[in-house]
Number of protein chains: 2
Amino acid sequence: MTTTATTLKGQPLDRQTLDAMLRRRLFFTPAFEIYGGVAGLFDYGPPGCSLQANIVDLWRKHFILEEDMLEIDTTVLTPHEVLKTSGHVDKFADWMCKDPKNGDILRADHFVEDVLESRLKGDKEARGEKVEEEDDPKKKKKRKTKTEAVKLDDALVQEYEEILARIDNYNGEELGELIKKYDLKNPATGVQPSPPVAFNLMFQTSIGPSSNLPGYLRPETAQGQFLNFAKLLDFNMQQMPFASASIGRSYRNEISPRAGLLRVREFLMAEIEHFVDPEGGKKHHRFPEIDAIELTLLDRHTQLAGKTDVKKMTIGDAVRNKVVDNETLGYFLARIHLFLQKIGVDMTKVRFRQHMENEMAHYATDCWDAELLTSSGWIECVGCADRSAYDLSVHAKKTGAPLVVRERLDEPRVFEEWQVEIDRKKFGPQFKKDGKTVEAALEATNQEQREKLAKQLAENGELELEVAGVGNGIVKVSKDLVKVEFRKRVENTREYTPNVIEPSFGIGRIMYSLIEHVYWNRATEDGGDEARGVLSFPPTVAPTKVLIVPLSANKQFQPFVSKISQKLRKIGISARVDSSSATIGKRYSRNDELGTPLGVTIDFQTVQDSTITLRDRDSTKQVRADEDTIVAAIQSLVTGAREWKDIATELPAFEGQEVDVAVR
Amino acid sequence: MTTTATTLKGQPLDRQTLDAMLRRRLFFTPAFEIYGGVAGLFDYGPPGCSLQANIVDLWRKHFILEEDMLEIDTTVLTPHEVLKTSGHVDKFADWMCKDPKNGDILRADHFVEDVLESRLKGDKEARGEKVEEEDDPKKKKKRKTKTEAVKLDDALVQEYEEILARIDNYNGEELGELIKKYDLKNPATGVQPSPPVAFNLMFQTSIGPSSNLPGYLRPETAQGQFLNFAKLLDFNMQQMPFASASIGRSYRNEISPRAGLLRVREFLMAEIEHFVDPEGGKKHHRFPEIDAIELTLLDRHTQLAGKTDVKKMTIGDAVRNKVVDNETLGYFLARIHLFLQKIGVDMTKVRFRQHMENEMAHYATDCWDAELLTSSGWIECVGCADRSAYDLSVHAKKTGAPLVVRERLDEPRVFEEWQVEIDRKKFGPQFKKDGKTVEAALEATNQEQREKLAKQLAENGELELEVAGVGNGIVKVSKDLVKVEFRKRVENTREYTPNVIEPSFGIGRIMYSLIEHVYWNRATEDGGDEARGVLSFPPTVAPTKVLIVPLSANKQFQPFVSKISQKLRKIGISARVDSSSATIGKRYSRNDELGTPLGVTIDFQTVQDSTITLRDRDSTKQVRADEDTIVAAIQSLVTGAREWKDIATELPAFEGQEVDVAVR
């Protein structure tokens with residue numbers, strides 16, 4: 001298992017060089033940069049925008065179309081009451097400390113993590129062990145904390161390491177205790193920050209002209225799906241199980257955003273809510289299809305023991321051994337694995353980590369994160385939670401809406417139970433205004449109480465019931481008004497609140513991690529030392545599929561450029577023409593940085609015999625053939641039907657002098 | 001020209017029946033309905049979500065891909081300073097009145113419109129003229145205002161009509177005067193509301209944990225594009241003209257949202273910012289391609305004359321006659337026309353209306369709206385504004401960022417002019433701390449002033465200059481410190497701020513208007529009186545392309561259903577299976593309401609000879625052939641290569657008894 005961030009070719013990954021390249025090529029850029037920027041807000045330029053669209057498109061095909069999920073599009077603006085009920089108003093918070101000296105606001109868990117990691121690094125230095133920046137997957141965060149070479153006791157080193165392994169499991173009070181116990185100080189001031197307080201992460205606003213309806217920007221798309229559950233079930237003609245899905249922006253007012261695209265305040269999510277019957281072990285009918293897929297798992301128990309060792313296991317075994325709770329949860333873990341593989345993620349840099357008890361969101365009963373290894377460490381890119389019946393239950397309770405499934409039973413169910421039968425004609429005149437209250441109190445009794453009441457009726461001809469607010473609080477009801485009897489009840493339908501399995505994807509995080517996984521430096525590979533970045537995206541996700549370059553500005557090339565552009569556009573393949581005056585080599589390098597997998601050159605030979613060359617980004621090898629043959633080759637490469645090695649054997653290689661010189 | 005809302009077949013359009021159908025089929029639904037809903041917020045269910053995606057996809061192909069526009073994706077959260085500079089904080093407002101009696105908040109222009117329209121209707125009734133609900137394109141709004149049959153003077157009727165024709169041209173003060181002059185009263189209370197005050201339409205929030213950065217949800221995607229101008233120009237390798245584009249949500253805190261999807265608080269926009277050199281008449285190199293396209297125009301002068309008569313004119317003539325200001329603006333009007341046609345809008349219900357002076361947004365110099373006729377009247381669905389250099393200029397001035405184009409001139413430009421040359425070595429010691437101020441004042445002089453200063457130097461050996469805040473406000477500079485001479489200056493580059501032409505699309509409004517345009521009632525056509533709604537979407541935009549129906553639940557049909565589903569999925573055609581127990585006719589009716597253009601039936605003959613039937617939604621005619629022939633026919637219909645009439649002549653008709661009976 002890889003544990004440190006590297007390029008695609010295993011070179012140490014230089015984050016700063018990569019970031020500079022991504023900004024230069026306008027994959028993304030800090031939003032409002034000419035106004036000084038706003039932390040945690042980024043804009044995507046054309047290549048980033050296209051990469052995002054391609055990932056979303058694959059996601060839609062892999063999940064929504066494959067399983068006929070019901071895609072819906074709900075609003076970001078959400079009234080207070082909805083998020084109060086869902087628990088987000090009270091519980092969707094991070095722990096925040098304040099430095100009393102300079103007013104710095106720190107996210108408590110990150111602060112503890114930073115200081116302890118810095119002390120461990122200082123210890124390594126003091127022991128004379130090598131501390132390479134590149135060896136450290138969290139170096140980005142480290143810059144904030146100055147490292148001092150101080151040797152620690154062996155026992156203390158172990159304590160620190162164990163704390164870091166379960167850092168996500170501490171609540172605010174516990175983080176406060178760690179800060180006190182280990183005297184953790186803000187490196188900027190040398191002062192211990194104040195005890196952690198909860199900071200709600202939702203952006204607040206008010207809806208309407210009279211400012212009377214407080215609301216928030218949604219922190220997840222899920223609530224919009226839950227609120228529409230009854231309508232979706234109708235649309236699905238009452239068939240269970242089914243899933244809804246939403247792709248849209250969500251918002252979290254991060255305390256101190258950092259690590260570029262990995263922790264932002266506005267982001268694109270793709271979320272699935274799979275509604276399943278809680279009875280019968282949450283089986284999934286397509287589980288056999290993925291049973292044999294091997295995943296890399298880091299379970300809860302390992303982490304609580306202060307360790308981070310992963311296990312490789314088929315998802316079938318993981319479910320059978322109860323490492324993963326049920327088939328439906330397991331099915332989606334495997335489907336997430338397949339999706340990441342499909343878009344080009346380096347699968348040696350993926351692990352599924354189970355949440356620890358305190359770490360789980362307030363609504364979850366079990367949760368696994370797909371984490372991707374990057375230069376900022378292991379990053380949660382996909383969460384897969386079992387939200388049980390939590391959300392549907394709380395919304396149903398609050399609104400009275402029946403967010404349930406009613407299922408016709410093949411065989412009726414028979415219950416034998418104590419039943420209460422009230423004679424309403426006599427009940428009203430007897431109790432007058434208290435009638436309803438007494439009736440409700442009777443209906444609310446449980447089986448055990450009813451058995452006692454039946455006994456009272458039989459023995460005394462009346463029963464005694466506590467009813468708060470009526471008379472002295474004790475009400476007597478005689479046997480001519482009520483019967484309590486042990487009877488049979490037959491049910492032909494069953495009513496239940498479905499459980500929800502929720503795979504939730506952070507598209508921006510996946511996108512950034514993917515970029516790190518496919519990035520490498522051609523110069524280093526070739527033995528040079530300049531930066532010649534390449535992004536080896538699979539053709540399906542690459543922002544642009546084909547670069548078209550005329551050899552020079554010679555007007556003879558223009559008709560060929562137009563013709564090939566139009567042909568590619570017609571078959572839906574995105575291409576860009578670069579007819580700038582830069583050398584062919586420079587133009588290809590520019591497109592290596594953009595991750596364009598294929599290049600077509602129009603040269604003087606084209607003018608003579610209509611042949612064109614096709615270049616493979618990764619090998620820089622070229623072939624030459626007539627236009628239609630090359631277009632067919634491009635189409636087969638872009639759809640994934642064939643690979644470059646197939647094309648290279650079929651078509652004659654081309655080693656044009658000027659091109660070769662320029663690329664080298 | 002059509003002037004009232006009708007169905008596709010010219011029947012009167014019953015908005016309530018249509019709305020009920022759209023909600024039943026989950027095209028859209030009020031957001032948070034189980035919590036009582038929030039005005040102006042709607043969720044899209046599966047068919048609405050898919051329809052929206054198809055329209056956006058066509059938009060992207062028609063505009064972005066066709067012209068290699070640079071698509072970017074920017075944040076919704078926008079800091080205060082940006083929108084202060086753009087003018088939105090001060091000017092992006094509607095006029096709002098308050099009813100002093102019941103506290104009702106009214107949008108002033110809508111209030112004046114409602115009351116005057118109601119009086120005109122009352123007049124018609126009093127004169128015994130027929131007032132049909134269906135004849136009235138604004139009936140939806142009317143329900144708020146109770147109509148009384150009171151006859152008005154002929155002159156007053158004309159006054160009211162003229163006011164209504166230019167209702168969008170009044171400012172707050174003028175609306176207040178109209179309310180007073182005509183004694184307009186809130187029908188709910190019989191009381192005249194308070195004078196209109198400005199209400200800013202932006203949702204406010206604050207960014208970061210210490211609430212110190214006020215921000216808004218963007219009211220348009222445009223600002224994010226302007227702020228990235230310099231980076232986009234770089235990305236485009238300094239080539240002009242070019243366009244950027246964004247598809248994303250924007251937010252407007254409408255005073256009193258109404259008319260369903262037509263006036264909402266959160267909506268999807270698709271905006272293009274086309275950057276063009278202001279010199280040379282804003283020509284467009286592709287204008288000849290659209291020169292002959294005929295548009296329906298309602299110009300500014302007609303409206304100011306109190307009229308609403310449209311003119312039909314080719315866009316070429318409109319530009320040549322200066323009805324439309326320039327080629328680039330005209331080019332986009334024609335491209336908008338073609339887009340609306342492509343998605344299936346009824347082109348007899350489209351007009352381009354020019355904004356009147358007071359109506360234009362604060363940034364615009366000219367603006368045309370593509371308006372679509374619906375049951376709520378003429379609705380602005382696309383705006384096409386010439387924003388001149390407004391936005392780039394204000395942001396450049398505020399931030400100092402060079403939002404300009406630097407162009408190498410083929411022939412250098414020569415200027416002869418008065419120039420100031422300061423001897424800085426002597427200047428500093430002479431003026432000390434005031435040096436910079438005096439220097440700046442000298443540099444700021446214009447040509448006329450410089451000519452005078454040169455004369456003073458020649459005559460007196462010194463010049464006199466007003467410099468506020470230095471000494472007594474008059475500064476003398478001797479000729480050994482400064483020269484003012486008439487000289488030649490040669491410029492090899494030209495620097496300019498581009499102008500912006502902005503086509504801006506409200507996707508939700510287009511989508512809803514399109515639905516009204518393609519809606520009709522099959523029962524009315526057939527002489528029946530029940531509601532049998534059909535949505536005749538073109539196959540390209542239809543949410544689902546094919547319905548697959550097995551004749552019954554017979555297990556023999558299942559393998560055929562799976563096979564055809566998989567074949568269609570493989571060629572990227574969205575299909576849905578309906579294997580419910582409803583009759584075939586009911587299942588087809590359900591899909592007529594969903595706008596599914598094609599239906600495939602699997603029956604007992606399929607089991608025998610593998611043939612299947614294909615049904616056309618609009619004619620309900622069917623053909624029968626083997627599976628591959630039908631799949632090929634579906635593909636050609638969905639891509640638009642062929643039409644149903646072609647298929648109907650090529651393949652044998654099918655008139656299956658049970659199907660026919662059920663559909664009729």
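**Entry 1. Domains 1 and 4 of chain A**

How many salt bridges does the rule find across the interface of domain 1 of chain A and domain 4 of chain A? I looked this up before anything else. The rule finds 2 salt bridges there. I keep in mind throughout that this is a predicted model.

I then checked where the domains run. The assignment for chain A puts domain 1 in three pieces, 13–74, 217–388 and 498–505. Domain 2 covers 96–198, domain 3 covers 409–494, and domain 4 covers 527–648. I took the C-alpha centres of domain 1 and domain 4 of chain A and found them 34 Å apart. Domain 1 of chain A puts 14 residues into the contact, and domain 4 of chain A puts in 13.

Next I asked for the area. These two domains of chain A bury about 1100 Å² between them. Carbon and sulfur atoms carry 70% of that.

I went back to the charged pairs. Arg24(A) and Glu593(A) meet through their side chains in a salt bridge, at 2.9 Å from N to O. The count of residue pairs in polar contact across this interface is 5, with both residues at pLDDT 80 or more.

Which elements give two or more residues to the domain 1 side of this contact in chain A? I found helix H1 (15–24) and H2 of chain A. H2(A) gives the most, with 6 residues. I sorted the domain 1 side by residue class and got 8 nonpolar, 4 polar and 2 charged.

**Entry 2. Chain A against chain B**

I moved on to the two chains. The contact takes 74 residues from chain A and 74 residues from chain B. The area buried between them is about 6200 Å². Carbon and sulfur atoms give 63% of that area.

Are the interface residues of the two copies the same or different? I compared the lists. Of the interface residues of chain A, 100% are also interface residues in chain B, so the copies meet through the same surface.

I counted 4 salt bridges between chain A and chain B. One that I opened joins Lys231(A) to Glu33(B), with the closest N and O atoms 2.5 Å apart. I also counted 30 residue pairs in polar contact between the chains, both residues at pLDDT 80 or more. Helix H2 (residues 46–65) of chain A makes up the largest share of the chain A side, with 5 residues. By class, the chain A side holds 37 nonpolar, 19 polar and 18 charged residues.

**Entry 3. The axis**

I superposed chain A on chain B. The operation is a rotation of 180° with 0.1 Å of shift along its axis, and the RMSD is 0.2 Å. The two copies are thus related as by a two-fold rotation axis.

Which residue of chain A comes closest to the rotation axis? I found Thr205(A), whose C-alpha is 2.5 Å from the axis.

**Entry 4. Salt bridges in total**

I ran the same search over all chains. The count comes to 122 salt bridges. I picked out Glu516(A), which pairs with Arg15(A) at 3.8 Å between the closest N and O atoms. Glu516(A) sits in helix H19 (residues 507–518) of chain A and Arg15(A) in helix H1 of chain A, so the pair ties together parts 501 residues apart in sequence.

**Entry 5. Backbone oddities**

I scanned the peptide bonds. The bond joining Met240(A) and Pro241(A) is cis, with omega about -10°. I placed Pro241(A) in the loop between helix H10 (229–235) and strand S10 (242–251) of chain A. I checked chain B as well. There the peptide bond from Met240(B) to Pro241(B) is cis, with omega near -10°. Pro241(B) lies in the loop between helix H10 (229–235) and strand S10 (242–251) of chain B.

What is the phi of Lys322(A)? I read a positive value of about 65°, although Lys322(A) is not a glycine. Lys322(A) falls in the loop between helix H13 (315–320) and helix H14 (327–343) of chain A.

How values were computed: Residues are numbered from 1 along each chain as its sequence is written. Chains are lettered from A and ligands numbered from 1 in the order in which they are written. Side-chain values use heavy atoms; hydrogens and water are left out. Contact means heavy atoms within 4.5 Å. Buried area is the accessible area (1.4 Å probe) that two parts lose on being put together, summed over both. A polar contact is a pair of N or O atoms within 3.5 Å; within protein, one must be able to donate a hydrogen and the other to accept it, and residues adjacent in sequence count only if both atoms are side-chain atoms. Helices (H or I, at least four residues) and strands (E, at least two) are DSSP runs, numbered from the N terminus. Ala, Val, Leu, Ile, Met, Phe, Trp, Tyr, Cys and Pro count as nonpolar, Asp, Glu, Lys and Arg as charged, and the others, Gly among them, as polar. Copies are superposed by least squares on the C-alpha atoms of residues with pLDDT of at least 70 in both. Domain bounds come from an automatic or database domain assignment.
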